[in-house]
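The report that follows reads one protein model through its strands, its core and a few individual positions. The sequence and structure are shown here for reference.

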Amino acid sequence: MTGKVDFATGQLLGTVLAVQANFYQVQLDVKDTETRRHGDTEDLSQTLSASLPLPISASSASPMLLCTRRTRLKKIGQQVMVGDRVVIEEPDWAGGRGAIADVLPRQTQLDRPPIANVNQILLVFAVADPPLEPYQLSRFLVKAESTDLDVVLCLNKSDLVSPQEQQQISDRLGAWGYQPLFISVKNTINIDQISEYLNHKITVIAGPSGVGKSSLINTLVPNVNLRVGEVSGKLARGRHTTRHVELFELPSKGLLADTPGFNQPDLDCTPEELVYYFPETRERLAVGSCRFSDCLHRDEPDCVVRGDWERYQHYLEFLDDAIAYQTHRHQQADPESTLKLKTKGKGQTQYEPKLESKKYRRVARKTQLQALQDLYQDSEE
Ligand SMILES: Nc1nc2c(ncn2[C@@H]2O[C@H](COP(=O)(O)OP(=O)(O)OP(=O)(O)O)[C@@H](O)[C@H]2O)c(=O)[nH]1
Ligand SMILES: [Mg+2]
Ligand SMILES: [Zn+2]
């Protein structure tokens, strides 16, 4: 058994599922013939585990190699992220080892969590326990929209509210431009529907702490056994049950990443961009335009955005944040020294603050997994 070789280039290709210190867990593309021959994934997985001493994850049908990164990549500063498509050299099938020789161009890149080639965000909130906070949901939605990725909204713990309450929530979010999928991990409601959204895609789960993200992944990915915690309110800060970034293989062939819950995502878009992250305003701007091309939709005359739509107050509050963020960026004396250019999805670039050097020193004494955890905590309030 080997991985699938790309016939055009003769290269062995795979996807990075997890990064730990200087090691990369790479799932190799499986040969089409093998997948066909064995039909369902269970068979293939058993065949592989029987014939190979490879570290095959419990639910996975694909061979995994634990890889290092070629010195050449280090020298040119080429980072390897979870989600990266990589070229593997010198596979040692018996030892389950290999070396990453190259990283293919990324389709998309998320910075928090750091994952490449994500197709969509599965935003998970709970209808109760913790209670559904409209402002917080709105903030997560805007943050998710700002990535340019597709956003799927699902509301968990539907077992805790009545059908009437569900309908009210559904009507309200419908006016925001979203059709939430109500699920219950506990009572296995609409879990199949979620699976369908995830087929053959890389999806990142996001949402506040305690809404059931890890529980959902445990249901979708057999044998994964993620830690599930109790809802701990304010104490949740710094005590996340989910700690590092890893992609899990779904039986349907999609990949899914868990993220630790955080309660207030940073809004780091520009004031001008913000308005496009609301479906309600996209609709208004599609059929009309404001008198001023640089309208921020506050008190300017002849504005088509200002009006009595529910989330207009949210827009104004997020706008203040975006303006504060922009002012902060402009105040930096030398942009090159404190900001770094980030490539966002779809080829956009923007400056983002570098981590302070103090942070780097602190990180050096910790494991990288802890460092990742610090990043998530930075985004809390
Ligand atoms: N009633 C009910 N409880 C649920 C459901 N799904 C999960 N829970 C409970 O919600 C609590 C939190 O679940 P987790 O899966 O740890 O939540 P999380 O979103 O991963 O939380 P963080 O990792 O802290 O971000 C646990 O006690 C679960 O048992 C559900 O559908 N209904
Ligand atoms: Mg979790
Ligand atoms: Zn306007």
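## Positions with positive phi

In this predicted model, His 200 counts as exposed because there are 10 C-beta neighbours inside 10 Å. His 200 belongs to the loop that connects helix 6 (191-198) with strand 12, and its phi is near 55°, a positive value in a residue that is not glycine.

Asp 302 likewise has a positive phi in a residue other than glycine, with a value near 50°. This aspartate sits in the loop between helix 9 (279-287) and helix 10, and Asp 302 is exposed, because 11 other C-beta atoms lie within 10 Å.

## Overall make-up

The protein has 381 residues, of which 34% are buried, and its secondary structure comprises 13 helices and 16 strands. Among the contacts with a separation of 6 or more, 66% are between residues 24 or more positions apart.

## Strand 2 and its partners

Strand 2 (residues 11-20) pairs with strand 1 (residues 5-6) in the antiparallel sense, over 2 bridges, and Gln 11 of strand 2 is found opposite Asp 6. The pairing of strand 2 with strand 5 (residues 85-92) is also antiparallel and runs over 4 bridges, with Leu 12 and Ile 88 of strand 5 as bridge partners. With strand 3 (residues 23-28), strand 2 forms 6 bridges, again in the antiparallel sense, and here Gly 14 faces Leu 28 of strand 3. Strand 2 and strand 3 make a hairpin with 2 residues between them, and Ala 21, in the turn, has a positive phi of about 50°.

Which residues does Leu 13 contact, once its neighbours within four places in sequence are left aside? They are Lys 4, Asp 6, Asp 29, Arg 85 and Val 87. Leu 13, which has its place in strand 2, counts as partly exposed because it has 18 C-beta neighbours inside 10 Å. Its C-alpha atom is separated by 7.5 Å from that of Gly 3, which is 10 residues away along the chain.

## The six-stranded sheet

An open sheet of 6 strands, with mixed pairing, follows the order 11-10-9-12-14-13. Strand 11 (181-182) and strand 13 stand at its edges and have a single partner strand each, so one side of each lacks a neighbour in the sheet. Within this sheet, strand 9 and strand 10 run parallel and are joined by 7 bridges, one pair of bridge partners being Ile 121 and Val 151 of strand 10.

Is Glu 249, a residue of strand 13 (residues 247-249), buried or exposed? Glu 249 counts as buried, because 22 C-beta neighbours fall inside 10 Å. The C-alpha atoms of Glu 249 and Val 221 are separated by 7.0 Å, although the two residues are 28 residues apart along the chain.

## Helix 4 against the sheet

Between strand 9 and helix 4 there is a loop that contains Pro 130, and the peptide bond joining Asp 129 to Pro 130 is cis, with omega about 5°. Helix 4 (residues 134-145) has 12 residues, and the distance from its first C-alpha to its last is 16 Å, close to the 16 Å expected at 1.5 Å a residue.

Helix 4 lies across strand 9, strand 10 and strand 12, and runs at about 175° to strand 9. Its buried residues are Leu 137, Arg 139, Phe 140, Leu 141, Val 142, Lys 143, Ala 144 and Glu 145. These buried residues pack against strand 9, strand 10 (150-156), strand 12 (202-206) and helix 10 (312-331).

## The nonpolar core

In soluble globular proteins, nonpolar side chains tend to be buried together. In this model the largest nonpolar core has 70 residues, and those that touch the most other members are Val 16, Val 26, Ile 88, Ile 115, Leu 123 and Leu 256. The element that gives the most to this core is strand 9 (residues 120-126), with 6 residues.

Leu 123, one of the residues that touch the most other core members, has contacts beyond its neighbours within four places in sequence that include Phe 140, Leu 141 and Ala 144. These three residues are among the buried residues of helix 4. Further contacts of Leu 123 are Val 151, Val 152, Leu 153, Ala 206 and Gly 207.

Conventions:
Residues numbered from 1 in each chain as written. Chains lettered and ligands numbered in written order. Predicted model: local features only at pLDDT ≥ 70, side-chain atom pairs only at ≥ 80, totals over all residues. Core = buried A, V, L, I, M, F, W, Y, C linked by C-beta atoms within 7 Å. Buried ≥ 20, exposed ≤ 12 C-beta atoms within 10 Å, placed from the backbone. Contact = placed C-beta atoms within 7 Å. Expected span 1.5 Å × (residues − 1). Pairing = 2+ DSSP bridges. Axes fitted to C-alpha atoms, helices over the stretch in contact; angles between N-to-C directions.
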